[in-house]
Amino acid sequence: MVVGEENPWMSEISTTPSFVTLVLGGTGGLGAALVSALQARGETVLAVGRHTDPALDYTQAGSVEACAARVAQRLAQRGETLARLIVATGFLHGETAAGSRAEPERSWQHLEAEALAHSFAVNAIGPALVMRHFLPLLPRQGPCLAAFFSARVGSIGDNALGGWYAYRAAKAALNQLVHTAAIELARRNREAVCVALHPGTVDTPLSQPFAKAGLTVRPPEAAAAELLAVMDRLNATQTGGFFDHQGKTVPW
Ligand SMILES: NC(=O)c1ccc[n+]([C@@H]2O[C@H](COP(=O)([O-])OP(=O)(O)OC[C@H]3O[C@@H](n4cnc5c(N)ncnc54)[C@H](OP(=O)(O)O)[C@@H]3O)[C@@H](O)[C@H]2O)c1
């Protein structure tokens with residue numbers, strides 16, 4: 001399936017001044033590009049990262065709940081509606097919460113408990129807590145969207161190469177969480193959209209060590225424009241799906 005034409009129902013979000021888009025991971029490579037693109041369209045955007053105020057750090061107990069409470073307070077004070085929730089957080093390589101270094105595994109010999117735990121904490125458990133604390137902030141009627149950035153390598157059906165165990169498995173878990181949350185969200189608001197999105201390969205700190213010749217690596221600005229175009233075209237019949245940056249369905 002390919003997402004359809006521009007959806008007037010969803011583009012209502014872009015033209016209503018009291019509608020707010022919240023980008024969690026809005027200080028990352030892709031997240032920051034999305035924030036800029038939305039601001040350039042004149043939309044109200046809140047960008048949250050580990051060092052913003054409010055901040056969000058999945059490795060800190062209570063962080064997701066506290067951040068959601070702050071966002072809810074702002075929305076109530078200003079009479080705003082959270083119309084879009086974009087979750088652009090993620091982890092592929094770097095320092096784990098336990099202080100060790102994690103790299104994508106080329107073999108089962110490289111599997112490490114700390115790296116697995118950190119990948120699941122950032123790519124799956126954190127977004128699951130975002131579902132718990134932020135999805136209830138979406139309106140109970142009218143168009144709204146929750147988009148969680150996943151990755152094609154989280155697709156089991158598409159996995160022909162192997163490797164990258166922790167990231168693949170954590171993104172596969174995220175995909176199941178997104179599909180499950182979409183079912184529950186539809187019971188609250190039949191116009192809501194909740195999807196997993198694959199951004200394609202984008203030139204950010206996450207991908208830089210792995211960008212190989214032959215792979216199409218796009219600047220974050222180009223990827224953000226494509227992802228926004230996909231989000232603008234999604235409608236409630238596509239909720240629970242997994243789409244790439246061109247709006248094409250990715251196999252689970
Ligand atoms: N780049 C690609 O080629 C590519 C391909 C497929 C999928 N993706 C997915 O796209 C999304 C965005 O990736 P990106 O390329 O923009 O990566 P990035 O530049 O490394 O940004 C990662 C974001 O995740 C946040 N983050 C990391 N650890 C966190 C933690 N413990 N708690 C809360 N937030 C945390 C970072 O917060 P700070 O800003 O505070 O550091 C940052 O905002 C991710 O889900 C990634 O898996 C990217």
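# Why the labels fit

Me: Why does threonine 249 count as partly exposed?

Reply: Threonine 249 has 13 C-beta neighbours inside 10 Å. A residue is exposed at 12 or fewer and buried at 20 or more, so with 13 threonine 249 falls in between and counts as partly exposed. One thing to keep in mind here is that this is a predicted model.

Me: Where does threonine 249 lie?

Reply: Look in the segment after strand E8 (242-244). From the C-alpha of threonine 249 to that of threonine 216 is 19 Å in space, and the two are 33 residues apart in sequence.

Me: What makes tryptophan 164 count as buried?

Reply: Its C-beta neighbours inside 10 Å number 21. The cut-off for buried is 20 or more, so tryptophan 164, with 21, counts as buried. Its place is the loop between strand E6 (144-149) and H5. The backbone there has a further feature to look at: tryptophan 164 has a positive phi of about 55°, although it is not a glycine.

Me: How do you know that aspartate 53 is exposed?

Reply: Count its surroundings: 7 other C-beta atoms lie within 10 Å of aspartate 53. Exposed takes 12 or fewer, so aspartate 53 is exposed with its 7. You will find aspartate 53 in the loop between E2 and H3. Its C-alpha atom is separated by 22 Å from that of alanine 146, a residue 93 places apart from it along the chain.

Me: What kind of peptide bond joins aspartate 53 and proline 54?

Reply: The bond is cis, with omega at about 0°. Proline 54 also sits in the loop between strand E2 (44-48) and helix H3 (63-78).

Me: Why is proline 205 called exposed?

Reply: Proline 205 has 11 other C-beta atoms within 10 Å. Since 12 or fewer is the condition for exposed, proline 205 meets it with 11. This proline belongs to the loop between strand E7 (192-198) and H6. The C-alpha atoms of proline 205 and histidine 93 are 9.3 Å apart, although 112 residues separate the two along the chain.

Me: What makes histidine 133 partly exposed?

Reply: There are 17 other C-beta atoms within 10 Å of histidine 133. Buried begins at 20 and exposed stops at 12, so histidine 133, with 17, is partly exposed. It is found in helix H4. Leaving aside residues up to four places away in sequence, histidine 133 touches Val64, Glu65 and Ala68.

Me: Which residues make the contact of H3 with H4?

Reply: Val64, Glu65 and Ala68 in H3 meet Gly126, Leu129, Val130, His133 and Phe134 in H4. Sorted by class, five are nonpolar, two are polar and one is charged. The two helices pack at an angle of about 35°, their axes 9 Å apart, and H3 passes H4 in a right-handed crossing.

Me: How do you know that H4 is roughly parallel to H5?

Reply: H4 and helix H5 (residues 165-188) pack at an angle of about 15°, with axes 8 Å apart. Angles under 35 degrees count as roughly parallel, so about 15° makes H4 roughly parallel to H5. The contact includes Ala115, Leu116 and Phe120 of H4, and Ala166, Tyr167 and Leu174 of H5. By class, this contact has 14 nonpolar, two polar and one charged residues. The crossing of H4 past H5 is right-handed.

Me: Which residues of H2 and H6 meet?

Reply: On the H2 side they are Gly29, Leu30, Ala33, Leu34 and Ala37, and on the H6 side Pro220, Glu221, Ala223, Ala224, Ala225, Leu227 and Leu228. Ten residues of this contact are nonpolar, one is polar and one is charged. H2 and helix H6 (residues 220-233) pack at about 65° with axes 8 Å apart, and H2 passes H6 in a right-handed crossing.

Me: What surrounds the ligand?

Reply: A shell of 28 residues, of which the closest are Gly28, Gly29, Arg50, Gly90 and Thr204. By class, twelve residues of the shell are nonpolar, 14 are polar and two are charged. Helix H2 (29-40) and helix H4 (113-134) each supply at least two shell residues, and the largest share, three residues, comes from H2.

How values were computed
Residues are numbered from 1 along each chain as its sequence is written. This is a predicted model: local features need pLDDT of at least 70, side-chain atom pairs count only at pLDDT 80 or more; totals for chains, interfaces and linings use all residues. A residue is near a molecule or strand if its C-beta atom, placed from the backbone, lies within 6 Å of it. Helices (H or I, at least four residues) and strands (E, at least two) are DSSP runs, numbered from the N terminus. Ala, Val, Leu, Ile, Met, Phe, Trp, Tyr, Cys and Pro count as nonpolar, Asp, Glu, Lys and Arg as charged, and the others, Gly among them, as polar. Axes are lines fitted to C-alpha atoms, for helices over the stretch in contact, and angles run from 0 to 180 degrees between N-to-C directions. Angles under 35 degrees count as roughly parallel, over 145 as roughly antiparallel, 65 to 115 as roughly perpendicular and the rest as oblique. A crossing is left-handed if the near helix is turned anticlockwise from the far one by less than a right angle, and right-handed if clockwise. Two residues are in contact if their C-beta atoms, placed from the backbone, lie within 7 Å.
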